[in-house]
Amino acid sequence: AAVAQRLTSLRRQTLSLFRLKEEQLQLVKARMRSGLDAGLRSKSSSTIKMLPSFVYLTPDGTERGKYLALDLGGTNFRALLVRFKKQTSRLYHKIYTIPLEIMQGTGEELFDHLAQCVCDFLDYMGLKNTRLPAGFTFSFPCEQSAIDTGTLVAWTKGFKATDSEGHDVVSMLREAIKRRNDIDLDIVALINDTVGTMMSCAHEDQRCEIGMIAGTGTNLCYMEELKNIEKIEQRMCINTEWGGLGDDGCLDDIITLYDTEVDQNSINQGKQRFEKMTSGMYLGEVVRQVLLDLTRRGLLFKGHVSETLKTPGIFETKYLSQIESDRLALLQVRSILQQLGLHGTCHDSIIVKHVCLVVSRRAAQLCGAGMAAVVDKIRENRGLDHLDIAVGVDGSLYKLHPHFSQVLKETVRVMAPQCDVTFQPSEEGSGKGAALIAAVARRKR
Ligand code: ADP
């Protein structure tokens, strides 16, 4: 019995590394706030880049016509045709996978591949001879100098194509299309997915002035006041790139050795530390690192380290969603683990479930603390005691995980008591939102 108790207490110690106290979350909020402010003052020296989007307006419902939306952001490339009529919009789309060798090949190959997909889509829609206005949703940090120009700052989320960083991605796409010589596009806007998400929700709800993604990566945009800078009463949407919080070491007091291991195994070491604790591409890996450590210390799976457990990427974030589901009985958890090649007792299943719970809860709390910093900043910007605001949200982690959205909401409620924040799952942010931005951009030309 004494041995069992000792084992339990060792496991508890490990899990407690992920349990953040309210004071710690307050610190994260404060650090996010300093990061946002520092990024607005000077982009170059801040871990949070605060990139201008050149999107000033939210849609006003007068958008009409046919638009193409091209979406590269995570695992897939999507081509969409969006058609706005009086009160409605219709959408047609096709999904194209991006092979790993293209994600990590040359920039030219990557953009040629995208142009090939666009050509296929236009062909499929019977629109190959039409010159459509297009919005290009490109969800990596870009330093924009206009609505339709942006230099890639750095790849994230597993992309690593050469000769792209430091280049204008709209030109790269235009050139790839020109090289083919069989299609024509009028690319009117470069769009971050957070901004598209905000726009698609703003179409339904005027209060929506924030866009957030919790999918492969994590990011957020919000409407910032320009008056301090340009003496005009206007707002521009800022793409924060908040996933970079902690890249200067400011989160080292909460980063665990498991997070460090995940960072070391990634292709962008030392970068996007906040993202690596909060998003779909990494949460499964964090869990796997904990399971590996517990097993090596004899606290799980009878100390038997299987080949499966040693395989990177085997424990995808969707398994966290399955395992944490309240409807699932323990035997079902055990059977999921068995299908993954992780054979253990029911007691092992309980431990695995606990690990998943603490890792995903921490992710949602960290995003909540960050969101609290953003809404309080907007509230202070406007000199308000109370702010009523809506957030458009997208991403599989937000939409499919059984607890993430609830914990996020609850954390924001506690940490930003002067703000009333409504979360709205976005429908087709990167499609409809991108088309709306393209429509607004074209109207202004
Ligand atoms: P993207 O962010 O690439 O546009 P998604 O929002 O679909 O696309 O996010 C994909 C990420 O979501 C992947 O990292 C994947 O691991 C994760 N994911 C997929 N299904 C689930 C799920 N059921 N629960 C939690 N995460 C999931």
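**Ligand shell and domain contact**

Mentor: Three helices each supply at least two residues of the shell around the ligand: H10 (280-296), H11 (317-324) and H14 (396-400). This is a predicted model, in which local features need pLDDT of at least 70 and side-chain atom pairs count only at pLDDT 80 or more, while totals for chains, interfaces and linings use all residues. Residues are numbered from 1 along each chain as its sequence is written, and side-chain values use heavy atoms, with hydrogens and water left out.

Trainee: Why is H14 called a helix?

Mentor: A helix is a DSSP run of H or I with at least four residues, numbered from the N terminus. H14 covers 396-400, so it carries that name under this rule.

Trainee: Which helix gives the largest share of the shell around the ligand?

Mentor: H11 does, with three residues.

Trainee: What surrounds the ligand?

Mentor: Around the ligand are Gly74, Thr75, Gly215, Thr216, Gly280, Met281, Thr317, Lys318, Ser321, Gly395, Ser396 and Leu400. A residue is near a molecule if one of its heavy atoms lies within 4 Å of it. The shell divides into two nonpolar, nine polar and one charged residue. Lys counts as charged, Met and Leu as nonpolar, and Gly as polar.

Trainee: What makes the pair between Ser396 and the ligand a polar contact?

Mentor: A polar side-chain atom of Ser396 lies 2.6 Å from an oxygen atom of the ligand. The limit for a pair of N or O atoms is 3.5 Å, so this pair qualifies. Polar backbone atoms of Gly280 and of Met281 are each 3.3 Å from an oxygen atom of the ligand. Taken alone the ligand exposes 570 Å² (Shrake-Rupley method, 1.4 Å probe), and the protein buries 72% of that.

Trainee: How is the chain divided?

Mentor: By an automatic or database assignment, domain 1 is 2-52 + 208-425 and domain 2 is 65-191. Their contact (heavy atoms within 4.5 Å) takes 13 residues from domain 1 and 14 residues from domain 2.

Trainee: What area do domain 1 and domain 2 bury between them?

Mentor: About 980 Å², 61% of it on carbon and sulfur atoms. Buried area is the accessible area (1.4 Å probe) that two parts lose on being put together, summed over both.

Note on methods
A polar contact is a pair of N or O atoms within 3.5 Å; within protein, one must be able to donate a hydrogen and the other to accept it, and residues adjacent in sequence count only if both atoms are side-chain atoms.
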